[in-house]
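Subject: Handing over the structure

Dear colleague,

Here is the structure I said I would pass on to you. Please open it alongside this message, since the notes below are meant to be read with the coordinates in view.

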Amino acid sequence: MLHAEGPLLTVDVDERTARRTDIDELLADAIGGRAAATALAHERIPFDADPFGPENRVYVSTGPLQQSRMSFTGRMNMTGLSPLTDGLVSANAGGYLSRNFVGTGISTLEIVGQSDELLAVHVTDSGVEFEPVPDLEGATVPETSEYMTEQHDLGPEHCIAIGPAGENLVRFASVMTFDSRAFGRGGLGAVLGAKNVKCVTFEGDAEPPVEIPDPPESEIHREAATADDRMRSQGTAGGTEFINDNFSLPTRYFREYEFEGAAAIGGDAVEEKKYKKGACSACAYACKLPTRDEETGLETEGPEFETIYAFGSMQGVDDVVDVMQSNELCDTLGMDTISAGVTVAAYLESEDAFGDADLAHEITEKIARREGIGDLLAEGVDRTHDELGVENYTVKGMEFAAHDGRVLHGQGLSYAVANRGADHLYASMLSLEYSGELDPQGTLGKAERLVEREDLAAFLDTGIVCVFGRDYATPDRLETLFDADYDTLLEVGARAVELERHFNNRRGFDREDDDLPYEIPDLDEAIGEYYAARGWNDDGTIPTRAIESPPAPSAD
């Protein structure tokens, strides 16, 4: 089976040491990416760890396809213990980092410990250097990139960095790369902030011995380059009006199901502001959205659909430039736009201030710097809803993505049982319900499809293949690429899901945490069907047999 090549590099930012460990046996089974990082996290992070403590660990990992030149492969995985959900979380980011990461010769980076001063860590194919960077305290993500470019000739494509939100331990702080691409959900930026790591750079000329079968490598690349798809001109923003008109676009902190201003912030409005093409490394699909407002001079990348929802309809804001400004603030300050936008919407609900974009921007900055009311809101909706006097629209502490489980019941079921919480990409049941392949109404009978979708999503995060490449990296092509049958690949994904669940079980998560803040039909029975399809216990815990396979290498 095709898998990533290279050792695990463990960087201890307290001791200022680095060591490489052979993990070939792990990679042969787990392939790389999310599955390998999850196995390491399960073995090495104590089950009772504090997300902000030195015992938490962050894993940055690549899959074998990052050693190709194929479209949909310019992505990386990051895994750790989330300060937002208090469970294991993996996040995924695009950009141009992956090939530079591979050039260091490692497959996985592990960051441990807690520095007593703000650090930049420089990883190369010949070693690791630790650089105190006190001058970067409070710096934005672009300011950090500018410093690395000026001092080390390493642009943002070589770097992962946190902004003020990460330094200030905002529970939904993101880790940024290429300035505008985010390891967004779950607050891993705050974990790096707790470790006093401002940024990590990657540079080298290593060429791990991975051979990618061709075809289908060139076929996928050619089809990506020639696809006639609105995604290539409008990104995910292109679905805004379709979803609003036919399903639900949650509006004004879930008060309403549709937004009268959707057209003003949707795909056409975003495309009007797009001034050039944007892509990730090696990808000919080029679905990114570099946008500019000529009147104000504002430039950003996006907004994508989730940001349009979180800072648009959820806040009652119907000006695309205002949403662009919110997007740029989150990228610059280093925050997940979904959790940040929903949290700001909860505040606007409490103040009866929907539609006040200036206030939304002010509150967004205050959150990142934990100033005034921002100090409370930096904790997220789950920890602040009582004080705000609003409903707690989260699952396992994570704020909801746009795709409304009150209307898409299979997606609602997915939100309820997902180890990551209310995140749409954990299984993407939404695509089956939007397309009509599954009836959006009802939860019963959907569990087996949900299991398959979760396992496939976990595998794609392992390979690593962009979610937008799913129609091109078909099951037969995945079998050829990875030299394994499709069921075996799904088993790799299933193993990652089960290790996440077991880790969370050991932290006290069980069936009571698989729930929604609203009612949908037969949810409890459907959750039972899901557990049965997984072979899990009725209380939502993992049977011992499910984790008896060989563990990942333990920490010293």
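What follows is a set of notes on a sheet, two helix environments, one helix pair and some backbone features.

Please keep in mind throughout that this is a predicted model.

I begin with the sheet. Six strands form an open sheet in the order β2-β1-β6-β3-β4-β5, and their pairing is mixed. The edges are taken by β2 (17–21) and β5 (88–93), each of which has a single partner strand, so that one side of each is left without a neighbour in the sheet. From one strand to the next, the twist averages 20°. Within this sheet, strand β3 (residues 58–61) pairs with strand β4 (residues 76–81) in the antiparallel sense, over three bridges, and if you wish to check the register, Y59 has T79 in β4 as its bridge partner.

Turning to the helices, α14 (residues 337–351) has 15 residues and reaches 21 Å from its first C-alpha to its last, which is close to the 21 Å expected at 1.5 Å a residue. How many of the residues of α14 are buried? Twelve of the 15 are, and the helix is therefore largely enclosed by the rest of the structure. The buried residues run through T337, I338, S339, A340, G341, V342, T343, V344, A345, A346, Y347 and L348. Among the elements that cover them are the helices α12 (305–311), α13 (320–333), α15 (357–369), α16 (373–377) and α17 (381–388), together with the strand β16 (398–399).

A single residue in another helix may also be worth a look, namely S414, which is placed in α18 (residues 409–417). With a relative accessible area of 0%, S414 is buried, because buried means under 20%. Once its neighbours within four places in sequence are set aside, S414 is in contact with A427, M429 and L450.

For the helix pair, I give both of the usual descriptors, because two packed helices are described by the angle between their axes and the distance between the axes. Helix α22 (residues 486–506) packs with helix α23 (residues 523–534) at an angle of about 120°, and their axes are 12 Å apart; α22 and α23 are therefore oblique to each other. On the α22 side the contact is made by A494, V497, E498 and R501, and on the α23 side by Y530, Y531 and R534. Sorted by class, this contact has four nonpolar and three charged residues, and no polar ones.

Finally, there are backbone features in loops that you may want to inspect. The peptide bond from P215 to P216 is cis, with omega near 20°, and P216 lies in the loop between β12 (197–203) and α7 (217–226). The bond from G463 to I464 is also cis, with omega near 0°, and I464 is placed in the loop between α20 (447–463) and α21 (475–482).

Two residues that are not glycine have a positive phi: D179, at about 65°, and A286, at about 50°. D179 is found in the loop between β10 (175–177) and β11 (181–183), where, at 23% relative accessibility, it counts as partly exposed. A286, in the loop between α11 (267–273) and β13 (290–292), counts as buried at 10% relative accessibility.

With best wishes

Definitions and conventions. Residues numbered from 1 in each chain as written. Predicted model: local features only at pLDDT ≥ 70, side-chain atom pairs only at ≥ 80, totals over all residues. Heavy atoms only, no water. Axes fitted to C-alpha atoms, helices over the stretch in contact; angles between N-to-C directions. Helix = DSSP H or I, 4+ residues; strand = E, 2+ residues; numbered from the N terminus. Parallel < 35°, antiparallel > 145°, perpendicular 65-115°, else oblique. Contact = heavy atoms within 4.5 Å. Nonpolar A, V, L, I, M, F, W, Y, C, P; charged D, E, K, R; others polar. Buried < 20%, exposed > 50% of the residue type's maximum accessible area, 1.4 Å probe, protein only. Pairing = 2+ DSSP bridges. Expected span 1.5 Å × (residues − 1).
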